[in-house]
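Biologist: I would like a close look at a single part of this chain, and then a connected account of how that part sits within the whole.

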Amino acid sequence: MLGAAARLVGCTRYCSEPAGALRDVARVGGTKNPDLAAILSLEPDLVIGNAEENRAEDLEALAARVPTLVQTPRSVPEAARALAALAERLDLAEAAAPFVERVTSLLAEPRWRCMARISSLGLPASVSIMHRASSDPRAETLTGTGRIGS
């Protein structure tokens, strides 16, 4: 989606889509029991975590060694802002702009306002991905797993 495919170097064992892009990406444990040594051995420039999915002590340990972005969107508007923030960190703000603008414009329409209010109730959203900012041909897309709303 953002054109960051070649930058993905690792993901949790729960990341499953898009399957083709994740086939050769290193699995580094789960969201509650990541293999910190394996993550660090991949030399990522950025680790992306979720405060609800990942344990604080793991995120703190990684943040002490690697730049870490923790996002926990709880609504569709927050997810759009999280995508924009992630894209900014990846120097892909221009690539993300059409997606963010589309969500923002849809949420302004009366038929979507109810969805935005429902999704702002704090239902879980999850993003757990790692990427490497330098070119790495081992992946085809930047992805994560999760849901927003119910």
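Biologist: Which residues does Leu-69 touch, leaving aside those up to four places away in sequence?

Modeller: In this predicted model, and with residues up to four places away in sequence left out of the count, Leu-69 touches Leu-46, Val-47, Ile-48 and Gly-49, and also Leu-86 and Arg-89. Apart from the core that holds Leu-69 there is another core, made up of seven residues, including Val-9, Ile-39, Leu-62 and Val-66. The core to which Leu-69 belongs is the largest nonpolar one, with 12 residues, and among its other members are Leu-46, Ile-48 and Leu-86, together with Leu-2, Ala-4 and Val-100. Two or more residues of this core are given by each of β3 (46-49), α4 (76-89) and α5 (93-108), and the largest share, three residues, is that of α4.

To place these elements in the chain as a whole, one can count six helices and five strands, which follow one another along the sequence in the pattern β-α-β-α-β-α-β-α-α-α-β. Of the contacts in the chain with a separation of 6 or more, 55% are between residues 24 or more positions apart. Buried residues account for 43% of the 150 residues in the chain, while the area that the chain exposes comes to about 8,000 Å², with carbon and sulfur atoms supplying 55% of that area.

Note on methods:
Residues numbered from 1 in each chain as written. Predicted model: local features only at pLDDT ≥ 70, side-chain atom pairs only at ≥ 80, totals over all residues. Heavy atoms only, no water. Core = buried A, V, L, I, M, F, W, Y, C linked by side-chain atoms within 4.5 Å. Buried < 20%, exposed > 50% of the residue type's maximum accessible area, 1.4 Å probe, protein only. Helix = DSSP H or I, 4+ residues; strand = E, 2+ residues; numbered from the N terminus. Contact = heavy atoms within 4.5 Å. Areas by Shrake-Rupley, 256 points an atom, 1.4 Å probe, with all protein chains shown as cover.
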